[in-house]
Each structure stands twice: as C-alpha cells, then as structure tokens.
Amino acid sequence: MTTATIEPAIRVQGVKKSFKDLNVLRGVDFDVQPGTIFALLGSNGAGKTTLVRILSTLLKADGGTATVSGFDVAAQPGQVREAISLTGQFAAVDEVLTGRENLVLIAQLRHLKNPGAVADELLARFSLTEAGSRKAGTYSGGMRRRLDIAMSLIGDPSIIFLDEPTTGLDPQARIEVWDTVKQLAQGGTTVLLTTQYLDEAEQLADRIAILHKGTIIQNGTLAELKKLLPAGGEPVLVEKEPSLEDVFLALVGEPAETDAAEAATTRKASR
Ligand SMILES: Nc1ncnc2c1ncn2[C@@H]1O[C@H](COP(=O)(O)OP(=O)(O)OP(=O)(O)O)[C@@H](O)[C@H]1O
Ligand SMILES: [Mg+2]
C-alpha cells in the first residue's frame, strides 16, 4: 500500500471556531498519518487547546469537518471517544490515591476485566512499579506526567492527544516523557501533541505544523521546515544550520520584521 491510500488517523478540513468576536480558528487543515507523531506548534493563545478539544469531541467547531480514526467528530462523537485518549494541559491525576489506585480506578471505569493486572503492566511500562504504592501527591512532576499518560492509555486508544505534555517539567523529566511518547509511536499509536517548546517538536515529531493567526501557516517535516530559511546570503550565515526556533520565529516572529528570511538573518547575525 502506498502512503496515498492509507486513510489518515486524523483529518482536519477548514475547521473554524470563534469565541464571540475572537476568531481563534479560521480554517485549519491538516492530516495526521497513522502511527506518526504530529506536533502542533503555536504561541500562547494560538488555539492549540481549542483544536484539541474539538478533535476530542469536547467542543463543537463552528465550521469545517474533522475526522478521527475515520469518524466524524461532530456526527460520531461516541466512536471518536472510543478511539482516542486525551491528556489535558493540566494533569488529571488524583493526588490522594496511589499511582496504582489511579490506574485501577480508570481501568474499572472503562470496565476492563482485570484492573489490577492492567495497572501493574502500565506501572512497569512507565517505570513506576516502585512508586506505584505511594500517593501520587508525593510524585515529582515527571512521574505525575508519566502516570497521567499511563492513565490515558488504558483501553488501548489508537490515537492519543497530548496537550503540552512537558510544560513545567525539568529537563530530565521532559526526556522521560519524550521517551514515553516515542515508545507509543513505535507501538503504532498515533500521537498529536501540542507544544510551545520548539526543541520538543524537533525531538519528537515526524511532522510539525505551525498554528498562527487561526490557520496552519506551515506543515512539514523538520527538514522541510528548515529549508524554509535559505542558508544563502553572506557566507557567515551558512555556518550553522537553522534550528526550528529560527524557522518558527522567522515565520511567526516579531511583527516589525517584514521578510521571514530577513528576520532569521537578523537574529543569527545578532548572536
Ligand atoms: N471557552 C472560551 N471562551 C472564550 N474564549 C476562549 C475560550 N477558550 C479559549 N478561548 C480563547 O481562545 C484563544 C485560544 O485559546 P487556546 O486555549 O486554544 O490557546 P492555546 O494555543 O492552547 O494557548 P496556550 O499555549 O496558552 O495553552 C485564547 O485567546 C483564549 O482566551
Ligand atoms: Mg493550550
């Protein structure tokens, strides 16, 4: 089968959403292929969480269509919910329960046959076996995030939404979460994550889309995005390959800058 014939895990076409006069999404389009990691980049308030809420059926779009696992988010929300899990921007862990109890609780809510075994398997997979009997309130930020992601995997969703999975984590904890996300994709899960961290997208994503002023202004692989910044010009500027940060700031960047390449050039030159 060629790539063209595989149905996308997520298809977003012309999605619009306004809050009163605020046009947050003005026609968003992208596809996510199954088993890949897709990063949605955008500044604060760009509409990342709004889009994730639409795709996970928590919020209705004003226009456009979106399908998740082949199901229309507006017309078939039940089927969509069965196919996905959502790890929100703020951890959903119950601090009074132990890590294991948190997992068992979700497995019970999902009517799984052997909640204890499900919990133990996930604790092992996320290196939380020893911590499993401790209250989640005593966990570090990274452990809590891992538990949160583990909880969202109960029931084997084929598509997982991670809204800013590493915000507020220290570098070590971020790497732990990154490893977790990479393992998920290797196991065939489709991951859509939002992030403001450009290095996170560089590390993880097969494709990166930049949401800016209500639309996707760029969508490509890291290599494709880097090509947007011509290395040409004065030889001194060719020294270093542009980072995703250079590309992002050139595209979204300071309003005073008129030309994307020029903006990046100015930044590089000022280092
Ligand atoms: N329920 C709502 N009512 C009114 N305005 C809203 C609502 N939800 C979001 N907004 C506004 O829509 C815009 C986009 O918000 P959203 O949370 O989607 O951004 P974001 O890209 O996730 O930002 P962040 O990086 O800060 O999480 C913001 O201006 C926000 O204030
Ligand atoms: Mg958000």
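Two strands count as paired if DSSP finds at least two bridges between them, and the views below, taken from a predicted model, put that rule to use.

**View 1. Strand 1 and strand 2 side by side.** Strand 1, residues 10–19, runs antiparallel to strand 2, and the two share 8 bridges. Look for K17, which faces L25 of strand 2 across the pair.

**View 2. The open sheet and the helix that packs on it.** Here the 4 strands line up in the order 2-1-4-5, with antiparallel pairing. At the edges are strand 2 (22–32) and strand 5 (71–72), each with pairing on one side only. Helix 1, residues 48–55, packs on this sheet and touches strand 1, strand 2 and strand 4 (63–68). The helix direction makes about 120° with that of strand 1.

**View 3. The surroundings of ligand 1.** A set of 13 residues lies around ligand 1, and F19, N44, K48, T49 and T50 come nearest. Strand 2 and helix 1 are the elements that give two or more residues to this shell. Helix 1 provides the largest share, with 3 residues. Sorted by class, the shell holds 8 polar, 4 nonpolar and 1 charged residues.

**View 4. Stepping back to the protein as a whole.** To place the close-ups in context, the protein has 10 helices and 10 strands. Of its 271 residues, 40% are buried. Among contacts with a separation of 6 or more, 64% join residues 24 or more positions apart.

Key
Residues numbered from 1 in each chain as written. Chains lettered and ligands numbered in written order. Predicted model: local features only at pLDDT ≥ 70, side-chain atom pairs only at ≥ 80, totals over all residues. Contact = placed C-beta atoms within 7 Å. Axes fitted to C-alpha atoms, helices over the stretch in contact; angles between N-to-C directions. Buried ≥ 20, exposed ≤ 12 C-beta atoms within 10 Å, placed from the backbone. Near = placed C-beta within 6 Å. Nonpolar A, V, L, I, M, F, W, Y, C, P; charged D, E, K, R; others polar.
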